[in-house]
Amino acid sequence: MGVVKADWLGFASTLDKASVDMLYVDPPFNTGRSQYTPVKAKMAAWRRGTTAATTKYVDAWPTMVEYVAWLRERLVATMPAMKVSGNVLIHCDWRASHHIRLLMDEVLGADRFVNHLVWAYGLGGSSPRCFARKHDDIFLYCVEPEKAFFQAPRVAATSRRLAGKTKKATDVLDVPSINNMSRERTGYPTQKPLALLEMLVGACSPAGGLVVDPCCGSGTTLVAAKKLGRVFAGSDVNPAAVAVARKRLANT
Ligand SMILES: C[S@@+](CC[C@H](N)C(=O)[O-])C[C@H]1O[C@@H](n2cnc3c(N)ncnc32)[C@H](O)[C@@H]1O
């Protein structure tokens, strides 16, 4: 398995039936604009004597209806590849989360809903006109509720009574977004933190299981899967993403 340059739709048709333990999709969010490498990340890489993978991808559909239809076609095409014990996670934000939850109810079944995870990331700007938007949404659905794999992740306890101990993670995932100065940052736009993906992969796939990310970008999910001893397969339409992901995987 590995990373291929392909549209999610074509990639889905190459997956074996009932082979996937965890499908994680972090698609474009339909922001209505292209996503670019942050300038601060380019500067930070330059100061370290390296270069950031400067690139962009288009993240705009004419209407929300067309965006959801794009997602539906690909999600439906991937479902035959899921194991009965498998989990499906879609990562999105306030722009489309209400549509995506309904789409997952339709494709997987509302009774397959497991969690609405909130990734609370802290960093970034804020508007004077509304509460600062500081979270993404990740919907977790299973294929068969009685057979679904789940291993509750543990996080550091915060209360004084449990100081130094761990507790079961809640559905609010407090993971900082990647600092522009961080060595983890590849320069690929909208790169997600490895700590977040390690938590999701550890919780939603068994050791040795197959983890699939069809919009893999810089390859964060695949790197997390490799580190945790899972088999992985990913695709992206953007050749720059495939190059970054392959380089990260070679160094993992
Ligand atoms: C939000 S980014 C993924 C970021 C990734 N999770 C990371 O940590 O780097 C979405 C990715 O979807 C890719 N993409 C857009 N349309 C696609 C399609 N039809 N098939 C596969 N990938 C696609 C984009 O090129 C982009 O890299």
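Let me start with one residue: just after helix H4, Gly 109 takes a positive phi of about 110 degrees. Before going on, note that this is a predicted model.

H4 itself covers residues 97–108. How far apart should the ends of its 12 residues be? At 1.5 Å a residue the expected span is 16 Å, and the end C-alpha atoms are 16 Å apart, so the two agree.

Now the helix pairs. Two packed helices are described by the angle between their axes and the distance between the axes. I will use that for three pairs.

The pair that involves H4 comes first in my list. Its partner is helix H3, residues 64–78. H3 and H4 pack at an angle of about 35 degrees, and their axes are 11 Å apart. The crossing of H3 past H4 is right-handed. From H3, the contact uses Met 64, Val 68, Leu 71, Arg 72, Leu 75 and Val 76; from H4, it uses His 99, Ile 100, Leu 103 and Val 107. By class, that contact has eight nonpolar residues, one polar and one charged.

Next, H5 and H6. Helix H5 runs over residues 194–204 and helix H6 over residues 220–227. Their axes lie 9 Å apart, at an angle of about 60 degrees. Angles from 65 to 115 degrees would count as roughly perpendicular, and H5 and H6 are therefore oblique to each other. H5 passes H6 in a right-handed crossing. On the H5 side we have Leu 194, Leu 197, Glu 198 and Val 201, which meet Thr 220, Thr 221, Val 223, Ala 224, Ala 225 and Lys 227 of H6. That contact has six nonpolar, two polar and two charged residues.

H6 also packs with helix H7, residues 239–250. Here the angle is about 20 degrees, with the axes 9 Å apart. Angles under 35 degrees count as roughly parallel, so that is the description for H6 and H7. Their crossing is right-handed. Leu 222, Val 223 and Lys 226 in H6 meet Ala 245, Arg 248 and Leu 249 in H7. The residues of this contact divide into four nonpolar, no polar and two charged. Val 223 of H6 appears in the contact with H5 and in the contact with H7.

Last, the ligand. Which residues are closest to the ligand? They are Cys 215, Gly 217, Ser 218, Thr 220 and Asn 238, out of 20 that surround the ligand. Thr 220 also belongs to the H6 side of the contact with H5. By class, the shell around the ligand has nine nonpolar, seven polar and four charged residues.

Terms used:
Residues numbered from 1 in each chain as written. Predicted model: local features only at pLDDT ≥ 70, side-chain atom pairs only at ≥ 80, totals over all residues. Near = placed C-beta within 6 Å. Nonpolar A, V, L, I, M, F, W, Y, C, P; charged D, E, K, R; others polar. Helix = DSSP H or I, 4+ residues; strand = E, 2+ residues; numbered from the N terminus. Expected span 1.5 Å × (residues − 1). Axes fitted to C-alpha atoms, helices over the stretch in contact; angles between N-to-C directions. Parallel < 35°, antiparallel > 145°, perpendicular 65-115°, else oblique. Left-handed = near helix turned anticlockwise from the far one by under 90°. Contact = placed C-beta atoms within 7 Å.
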